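This report examines a single chain, with attention to its helical packing, aromatic contacts and cysteines. The reader is invited to follow the account alongside the coordinates.

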Amino acid sequence: KQWYQRRVAITAGGKKKIKKAPAKAPAKTAEVPAETKNKILERVAREEKAYRIVERLIDNPVSCQLLQKSLKFINQSVYNDIIDERSIIKNCGYPICENNLPKTIKKQKYGINTRLNKVYKLEDRVKFCSSHCYSCSRTLRDQLS
């Protein structure tokens, strides 16, 4: 549809002349397609579920079955959040481990493994009670998509 608005113009001879000019169409609200709405709602639902999983996996004790069921719904960034949250409350970052973090924390940034001739960051390892928990957690995180 074209919307017209009448305009009256007086010519030099004093005659009225009516002009029809297109007027502004009424403002349309941008409607989001149903498919896009569904995708957004699915994403929000996934994020809410991941948030609830993070809350459950922060507290001790966490069973192996709960962790296995939860892994379907989380990705690496959510798993890193779980590790960070657990270390903040002084629990080992590996969800299955029930140990607390050691009271003395190394202030070094890097460690050297003389047997393997490797230098590694200690920033990540500080969040775990042992090297075993760190390696298990890293293996688990690497398997997530």
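How many residues does helix α4 have, and how far does it reach from its first C-alpha to its last? In this predicted model, helix α4 comprises 13 residues, 131-143, and spans 19 Å between its first and last C-alpha, close to the 18 Å expected at 1.5 Å a residue.

## Overall architecture

The chain contains 4 helices and 4 strands, arranged along the sequence in the pattern β-β-α-α-α-β-β-α. Of its 145 residues, 22% count as buried. Among contacts between residues at least 6 apart in sequence, 45% join residues at least 24 apart.

## The two sides of helix α4

The buried residues of α4 are Cys-133, Tyr-134, Ser-137 and Leu-140. They cover an arc of only 135° around the axis and therefore lie on the same side of α4. An α-helix has 3.6 residues a turn, so residues three or four places apart point the same way.

The buried residues of α4 pack against α2 (64-70) and α3 (76-88). On the other side of α4, Ser-131, His-132 and Gln-143 are exposed.

## Aromatic contacts

A search of the whole structure returns 1 aromatic pair. The ring centres of Phe-128 and Tyr-134 are 5.4 Å apart and their planes stand at 70°; because planes over 60 degrees apart count as edge-to-face, the pair is assigned to that class. Both partners are buried: Phe-128 has a relative accessible area of 6%, and Tyr-134 has a relative accessibility of 11%. Tyr-134 thus links this topic to helix α4, where it is one of the buried residues.

A contact of another kind involves Lys-49, which lies over the face of Phe-73 at 4.0 Å from the ring centre.

## Cysteines without a disulfide

Why is the sulfur of Cys-92 not bonded to the closest cysteine sulfur, in Cys-129? The separation of these two sulfur atoms is 3.6 Å, too far for a bond, because a disulfide requires a pair of cysteine sulfur atoms within 2.5 Å. The sulfur of Cys-133 also has its closest cysteine sulfur in Cys-129, again at 3.6 Å and too far for a bond. The count of disulfides is accordingly 0.

Cys-92 is buried, with a relative accessible area of 0%. Cys-133 is buried as well, at 6%, and belongs to the buried residues of α4.

Terms used. Residues numbered from 1 in each chain as written. Predicted model: local features only at pLDDT ≥ 70, side-chain atom pairs only at ≥ 80, totals over all residues. Heavy atoms only, no water. Phe/Tyr/Trp six-rings, centres within 6.5 Å; stacked < 30°, edge-to-face > 60°. Buried < 20%, exposed > 50% of the residue type's maximum accessible area, 1.4 Å probe, protein only. Lys NZ or Arg CZ within 6 Å of the ring centre and 35° of its normal. Helix = DSSP H or I, 4+ residues; strand = E, 2+ residues; numbered from the N terminus. Expected span 1.5 Å × (residues − 1). Arc of directions from axis to C-beta. Contact = heavy atoms within 4.5 Å.
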